[in-house]
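Work through the exercises below with the sequence and the coordinates at hand. Each task is followed by a worked solution.

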Amino acid sequence: MSGLILKLAPNERVLINGAVIENGDRRCKISIKTPNANILRLKEAIHPDDVSTPVARVCYDAQLMLSGDVDETRGRRNLLRGIEQLSQVFDDRDSRLALNSATADVIDGNIYRALRQLRSLLPREARLFAHLS
């Protein structure tokens, strides 16, 4: 079992299964061996006030699952619904791959990986909105 390797910067905080863990003064690597552990880098977390776009909303739904602030069944349903809605807008090849991977990750219970795939759409979304302005 390989697990997930987290590389943390000095004093970086990460949420693992509901516990906030802060790194010390040096860089470090943490190997997470438990499958489907709920992990969220706090520096990457989206603040509720910053949820102003469709992709940010779906990313935030994933965060709520990782932080334990929503039950798994409801969170999974919301996340899959949000991904389906995004697939109606993002029809380029790379976006489709990210959305398909995110869907598979949600179904497999790997919300952290799904969030990483969804976050990759944030720059694309920003370009779409900039083009509309």
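The exercises concern a predicted model, and they go from the whole chain to single side chains.

**Exercise 1. Determine how many helices and strands the protein chain has, and in what pattern they follow one another.**

Step 1. The protein chain has 5 helices and 5 strands.

Step 2. Along the sequence the pattern reads β-β-β-β-β-α-α-α-α-α.

Step 3. The radius of gyration is 15 Å, close to the 14 Å that the globule rule gives for 133 residues, so the protein chain is as compact as a globular protein of that length.

Step 4. The C-alpha trace spans about 45 × 30 × 25 Å along its principal axes.

**Exercise 2. Work out what share of the residues of the protein chain counts as buried, and what share of its contacts with a separation of 6 or more is made by residues 24 or more positions apart.**

Step 1. Buried residues make up 37% of the 133 in the protein chain.

Step 2. Among contacts with a separation of 6 or more, 53% come from residues 24 or more positions apart.

Step 3. The area that the protein chain exposes is about 8,100 Å², and carbon and sulfur atoms supply 48% of it.

**Exercise 3. Check the span of helix α1 against its number of residues, then find what its buried residues pack against.**

Step 1. Helix α1 covers residues 54–67, which is 14 residues; at 1.5 Å a residue it should span 20 Å. The expected span takes one less than the number of residues.

Step 2. The end C-alpha atoms of α1 are 20 Å apart, which agrees with the expectation.

Step 3. Of the 14 residues of α1, 11 are buried, so the helix is mostly covered. Among the buried ones are Val-55, Val-58, Tyr-60, Asp-61, Gln-63 and Met-65.

Step 4. These buried residues pack against β2 (13–16), β5, α2 (72–87), α4 (111–119) and α5 (122–132).

Step 5. Just after α1 comes Gly-68, with a positive phi of about 80°.

**Exercise 4. Decide whether Arg-41 is buried or exposed, and identify which backbone oxygen its side chain reaches.**

Step 1. Arg-41 belongs to strand β5, residues 39–41.

Step 2. Its relative accessible area is 10%. Buried means under 20%, so Arg-41 is buried.

Step 3. The side chain of Arg-41 reaches the backbone oxygen of Lys-7 at 3.2 Å.

Step 4. With neighbours within four places in sequence left aside, Arg-41 is in contact with Leu-6, Lys-7, Leu-8, Glu-12, Arg-13, Val-14 and Tyr-112.

**Exercise 5. Trace which residues are joined into one network by salt bridges that share partners.**

Step 1. The structure holds 8 salt bridges. One of them is between the side chains of Asp-92 and Arg-124, at 3.8 Å from N to O.

Step 2. Asp-92 lies in the loop between α2 and α3 (93–108) and Arg-124 in helix α5, so this pair ties together parts 32 residues apart in sequence.

Step 3. Arg-93 forms a salt bridge with Asp-94, with the closest N and O atoms 3.8 Å apart.

Step 4. As for cover, Asp-92 is partly exposed at 32% relative accessibility, Arg-93 is exposed at 64%, and Asp-94 is partly exposed at 41%.

Step 5. Asp-94 also forms a salt bridge with Arg-124, the closest N and O atoms being 3.5 Å apart. Asp-94 lies in helix α3 and Arg-124 in helix α5, so the pair ties together parts 30 residues apart in sequence.

Step 6. Through shared partners, the salt bridges join Asp-92, Arg-93, Asp-94 and Arg-124 into one network.

Terms used
Residues numbered from 1 in each chain as written. Predicted model: local features only at pLDDT ≥ 70, side-chain atom pairs only at ≥ 80, totals over all residues. Heavy atoms only, no water. Helix = DSSP H or I, 4+ residues; strand = E, 2+ residues; numbered from the N terminus. Buried < 20%, exposed > 50% of the residue type's maximum accessible area, 1.4 Å probe, protein only. Polar contact = N/O pair within 3.5 Å; in protein donor to acceptor, adjacent residues only side chain to side chain. Contact = heavy atoms within 4.5 Å. Salt bridge = Lys/Arg side-chain N within 4 Å of Asp/Glu carboxyl O. Rg over C-alpha atoms; globule rule 2.2 N^0.38 Å. Areas by Shrake-Rupley, 256 points an atom, 1.4 Å probe, with all protein chains shown as cover.
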